[in-house]
Amino acid sequence: MKIIRHTDPTWQETAAALNRRAEASDAVQEVVSGVIKEVRSRGNAAVLDFTERFDGVRLTPESLAISPDELAGAWNVTDAKLKDALIASHRNVYSFAKKSLRQNWSGSNEQGAEVGEVYHPFERVGCYVPGGSAPLVSTAIMTVTLASAAGVPEIVVCTPCGKDGQVNPGLLAALKLAGATEVYKIGGAQAIAAMAYGTETIRPVTKIFGPGNSYVVEAKRQAFGVVSIDLLPGPSEVLILADKSGNPSFIAADILAQAEHGKDSQAGFITDDAGLLEKVAAEVDRQCAKLSRQEQLKPVLDKGVFLLLAPTMEEGAALVNAYAPEHLTLITEREGDILPLIRTAGAIFLGNDSPVAVGDFLAGPSHTLPTGGAGKSFPGLTVDMFQRRTSIIRLDKASVTQSEPIVRAFAAVEGLDAHGESVAIRAR
């Protein structure tokens, strides 16, 4: 772990380095660009080649898709306790999503014209569900459920298979429950390209959702314009801001829960209390020794975990805004003062008794959130992202007459005579 104090001579440089922007390296951009180009030109063949190259498994066009029978069968063989957990999570996420849906409305403007909005679900969307070192069963619930709640009729899922060519049955059970209509066992940038541009097997979608590694995130960015995307959710991260009221055992547990994702995950802790900093550092070491995923934990603890002693909680909040964390845990006796200062976190967990893991699996809001500093520009995933908005405008003789002089004024200054005449001809 890296421990930094505001009294260190390098404090200013460290604080400045926390001000992140979501940007892929040149190497990642180049690899992804090549993958997309190949998938666009060679379709299935390119997808299969990249799957063998990156994931170490050789598939065939016939084995790309998970059949409806296989989805149903996965649910039937799923452990009863996992089924209960999936059902509980799905209920919370679906209920939260339904309450968040945008509703059609109409009214009148000052000139008497009828104006309003109508919302329709996208017809066909793609959801990416990472595999990697652990099957992210929860991500299936946290993305596909929202599409289902919005009424999307075609919900396409891509998720990488194991080296045996199979997808974890618990993940398939979650996808079945959440409402996936098509599932393909491919991952990485090639999966994003396949959903965006289509192949002989996979028809293109209109919008792509879901988290992934740096290559997946960059593929979504490069495909934007051909398809719409939700946000840029990459490797997971947590930042904890706490004063002396923080429980060091709980804080250390949340740091380790984040670190066990492995790879590029990050976990940070900021406090204005030197004693708490030392206790958290000791607790991380003590608890880590008892955990099973040492192979994933140790690299993150070495390179991706930092503990900072800030001069004040206010300055800690400023560091949070610069970092723009995916998850923020805020523990302070002055919540009414500090919480309003936080502007860029994807999700905020309040108090000692609010573990991020409950948000990951159960609480209700989607756990698909912006990472890598993207929270400065993007919100977390919400159900209305699965809806297409259309504005509605209707005028009658009275409202067009009221509108005519205002439109004429705009048309005159912009030199658009026909615009003004198109209103005047109706008002006469």
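Trainee: What's the volume of the second largest pocket?
Mentor: About 790 Å³, taken as the space filled by probe spheres set on grid points that are joined across faces, edges and corners. A pocket here is an open set of points on a 1 Å grid over the protein atoms alone, where a 1.4 Å probe fits, with protein on both sides within 12 Å along at least five of seven lines. This is a predicted model, where local features need pLDDT of at least 70 and side-chain atom pairs pLDDT 80 or more, while totals for chains, interfaces and linings use all residues. Residues count from 1 along each chain as its sequence is written, and side-chain values use heavy atoms, without hydrogens or water.

Trainee: Which residues come closest to its centre?
Mentor: R20, E237, D264, Q266 and G372, out of 35 that line the second largest pocket. Lining means having an atom within 4 Å of a point.

Trainee: How do those lining residues divide into nonpolar, polar and charged?
Mentor: You get 15 nonpolar, 9 polar and 11 charged. Asp, Glu, Lys and Arg count as charged, Ala, Val, Leu, Ile, Met, Phe, Trp, Tyr, Cys and Pro as nonpolar, and the rest, Gly included, as polar.

Trainee: And which elements give two or more residues to that lining?
Mentor: β1, α1 (11-17), α9 (214-223), α12 (294-303) and β12 do. Numbering starts at the N terminus and follows DSSP runs: H or I over at least four residues for helices, E over at least two for strands. The chain has 17 helices and 15 strands.

Trainee: β1 again! Where does β1 sit in its sheet?
Mentor: At an edge. The open sheet has 6 strands, paired parallel in the order β1-β12-β11-β10-β13-β14. Its edge strands, β1 (2-5) and β14 (347-350), each pair on one side only. Pairing takes at least two DSSP bridges between two strands.

Trainee: How many bridges join β13 to β14?
Mentor: There are 4, with β13 (residues 327-331) running parallel to β14. H327, for instance, stands opposite A347 in β14.

Trainee: New topic: what's odd about the phi of A324?
Mentor: A324 has a positive phi, about 50°, although it is not a glycine. You'll find A324 in the loop between α13 (313-323) and β13.

Trainee: Is A324 buried or exposed?
Mentor: Buried, with a relative accessible area of 0%. The cut-offs are under 20% for buried, over 50% for exposed and partly exposed in between, using a 1.4 Å probe and protein chains only.

Trainee: What share of the chain is buried?
Mentor: Buried residues make up 48% of the 428.
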